[in-house]
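User: Could you take one part of this model and go through it closely with me, strand by strand if need be? I'd like to see how that part sits within the rest, in plain bench language.

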Amino acid sequence: MNKIENNKAWFLVLPVFILVAFSAIIPLMTVVNYSVQDVFDTNTRYFVGTEWFKAILNDAALQSALMKQFMFSFTTLSIEIPLGIGIALLMPKRGMAASLCLVLIALPLLIPLNVVGTIWQIFTRSDIGLMGWSLREMGVAYNISRNPVDAWATIILMDVWHWTPLIALLCYSGLRSIPEAYYQAARIDRASRWAIFRYIQLPKLTNVLIIGILLRFMDSFMIYAEPFVLTGGGPGSSTTFLSQALTTMAIGQFDVGPAAAFSIIYFLIILAVSWVFYTTIMNMQKEK
Amino acid sequence: MAEIVLNALAHTYSKKPNAPQDYAIRQMNQVWEQGGAYALLGPSGCGKSTLLNIISGLLEPSDGEILFDGVKVNSLPPEERNIAQVFQFPVIYDTMTVFDNLAFPLRNMKTPTHLIQSKVHEIADILELSPLLHKKAKNLTADEKQKVSMGRGLVRDNVSAILFDEPLTVIDPQLKWKLRRKLKQIHDQFNITMIYVTHDQLEAATFADKIAVMYEGQIVQFGSPHELFENPKHTFVGYFIGSPGMNFINVQLEEQHFIFEDMKLKVPEKILDKIQHLPYESIKLGIRPEFVHVWDKKNDEAYEVDVIDSEDLGTYHIMTFKLRNQLLKARLHEDQRIPKHKAWISFPDQWLKVYVNEYLVEADDE
């Protein structure tokens, strides 16, 4: 028996291979390439091994940026998720009111990120901004360019305003997919409003919430344009998050090597947190 | 435990109903006796689910009254009517175990824990769910899930009635039969009123003592499977019950005869008395394919017909034939000779039914 060796089918994989290579692997590899070298100019470079990684991991400013980043993501998520679910539960189920509600709620999502920053920058100005002016008139000493607490609160408020609609819309679609019979059965079983939420709505929302939390974690962890426009990372470095620190390093100071090492660490953190979160949830569901 | 009475009940989903067509349930009077096993049979969209939801209290009727043991319950929610309902698709609480699912209605009623324990185990035994009690309900098969939904109805003491809304739709055929028997068994054991909605006549006939056939928002006949078969009160019952359905021939009344093309049939006297002065839109003669007499040879009583088709369905044949221009069917035993091309048929008097404006006209003395 002669088996004909023919591996031409492998050519069919080629287009995907090329696509992935150019879209992901090659750009990523250039970053890896930079991260292990010290680049002086286009002709002068030295191999430095893991030097940059060590330096980045030991950099106090970056460590503090990382902590701030986690704090920020955690705070916004713990506000946006419950709030989004709550809004979705309150939204009308059908008719004109439902359509109107959907459009109104989706509006913040349609605004470009730096425009969001600008809107809030103006909104919080004490001379012409509605919020800044009102707070000043009420006697509240509110100043985002001097007080870090004010800056933080404003950025979190802005993020909540901008992204809670995403969670609300995801949950709304999840809620709409629950068959009416579940609610009818619950009434017949005399379930309380809380029991309906706990045992019918929340379990049916698990899948959209996993997607929502992952998306919001990744996005909030990479936040750049909005705080950059609103506070410029200040006062001091109190609202300088990771991506802004990275941009300053790579573009502002042209420290390509450390910036590349930083990028890789940044990427790995997001990957690791998302993976841990996802597998934990999946394992929890599999149990029993 | 309750007797359920529908008194001039009607329901419409439209705000300003003007025509009878606007009503999902047209005015009806109906009594469901305590402890009965009933089926509500009809095609999709005839209003049977609406009627069921009115009985359970998920829907408030727009007109008329619904009484439980003589008490008007029109606006009482399901929880206060103490009713159980099983839906088309099994409703289970995914995150709970089978035990917690069954205990859920009891816990909502603040039943003491030791009573919950014994009651849940009792019902689980009856439904053969005991080995699964500690499994997550999410991982059950469709029929197990449906049993859990039924179980949630059964655990409560003294439910007034259990309503089933096509509960076996998603169950495999072999298991359907088993579950139906289980239902029947539970019915006999607990003596609970059960109303079973279905569009499957076989399911209705095996489950129920009495079947209510619904058509366009009305109960057109309420009777035993036997009555529905032998004496359909409405052309729809004739058409819907039986396989194949009843044959109908549109006829004209001329003095003492029904006229169909060139054929003349003498109208029985008792019926003639009743319909002679009746204004009518249509007169139909109906006969079940089972009762069409097929002769081997030509004779004086029989009409000659053209045989169009004959289907072998195992234990019997369905012969399609043409009488003048009308296609009709006859059901023949497997050992009966199957005529080819030409056949001679007749309609025995006692099985030939007369329908005026779609309703049966009966001779009084029978």
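Analyst: A word on "domain" before we start: the domain bounds used here come from an automatic or database domain assignment. Keep in mind, too, that this is a predicted model. The part I'd pick is the open sheet of chain B, but let's set the scene around it.

Chain B splits into domain 1, residues 4-237, and domain 2, residues 244-361. The C-alpha centres of domain 1 and domain 2 of chain B are 38 Å apart. Where they touch, four residues come from domain 1 of chain B and eight residues from domain 2 of chain B. On the domain 1 side, that contact breaks down into one nonpolar, two polar and one charged residues. As for chain B overall, its C-alpha atoms fill a box of roughly 80 × 50 × 35 Å along the principal axes. You'll find 10 helices and 21 strands in chain B, and 39% of its 366 residues count as buried. If you look at contacts in chain B with a separation of 6 or more, 65% of them come from residues 24 or more positions apart.

Now the sheet itself. Six strands of chain B make up an open sheet, in the order 13-12-11-14-20-21, with antiparallel pairing. Strand 13 (263-266) and strand 21 of chain B are the edge strands: each has a single partner strand, so one side of each is left without a neighbour in the sheet. Going across, neighbouring strands are turned against each other by 40° on average, if you ignore direction.

Let's walk along part of that order. Strand 11 of chain B, residues 247-254, is joined to strand 14 of chain B by five bridges, and the two run antiparallel. To pin that pairing to residues, find B:N250: its bridge partner in strand 14 of chain B is B:K284. From strand 14 of chain B (residues 283-287), four bridges lead on to strand 20 of chain B (residues 353-356), again antiparallel. Here B:I283 stands opposite B:V356 in strand 20 of chain B. B:V356 is a handy residue to follow, since in strand 21 of chain B it stands opposite B:Y359. Three bridges join strand 20 of chain B to strand 21 of chain B, residues 359-361, and this pair runs antiparallel as well. Strands 20 and 21 of chain B form a hairpin with two residues between them. One residue in that turn, B:N357, has a positive phi of about 50°.

What about the packing elsewhere in the model? As a rule, nonpolar side chains in soluble globular proteins tend to be buried together. The largest nonpolar core here has 79 residues, and B:L40, B:A161, B:I195, B:Y196 and B:V213 touch the most other members. Helix 3 of chain B, residues 98-108, gives the most to this core, with six residues. Zoom in on B:Y196: leaving aside neighbours within four places in sequence, B:Y196 is in contact with B:Y38, B:A39, B:L40, B:F164, B:F207 and B:A208. Apart from that core lies another one of 18 residues, among them A:Y34, A:W52, A:M249 and A:A260.

A:M249 takes us over to chain A. A:M249 is one of the buried residues of helix 11 of chain A (residues 242-252), along with A:L242, A:Q244, A:A245 and A:L246. Their cover includes helix 3 (60-90), helix 10 (225-230) and helix 12 (256-286) of chain A. Just after helix 11 of chain A, A:F254 takes a positive phi of about 55°. Helix 12 of chain A also holds A:W275. A:W275 counts as exposed because it has 10 C-beta neighbours inside 10 Å, and the cut-off for exposed is 12 or fewer.

Last, the place where the two chains meet. Chain A puts in 16 residues and chain B 21 residues. On the chain A side, helix 8 (180-188) and helix 9 (193-221) each supply at least two residues, with helix 8 of chain A giving the most, six residues. Sorted by class, the chain A side has 10 nonpolar, two polar and four charged residues.

Note on methods
Residues are numbered from 1 along each chain as its sequence is written. Chains are lettered from A and ligands numbered from 1 in the order in which they are written. This is a predicted model: local features need pLDDT of at least 70, side-chain atom pairs count only at pLDDT 80 or more; totals for chains, interfaces and linings use all residues. Two strands pair if DSSP finds at least two bridges between them. A nonpolar core is a set of buried Ala, Val, Leu, Ile, Met, Phe, Trp, Tyr and Cys residues joined through C-beta atoms within 7 Å. A residue is buried if 20 or more other C-beta atoms lie within 10 Å of its own, exposed if 12 or fewer, and partly exposed in between; C-beta atoms are placed from the backbone. Two residues are in contact if their C-beta atoms, placed from the backbone, lie within 7 Å. Ala, Val, Leu, Ile, Met, Phe, Trp, Tyr, Cys and Pro count as nonpolar, Asp, Glu, Lys and Arg as charged, and the others, Gly among them, as polar. Axes are lines fitted to C-alpha atoms, for helices over the stretch in contact, and angles run from 0 to 180 degrees between N-to-C directions.
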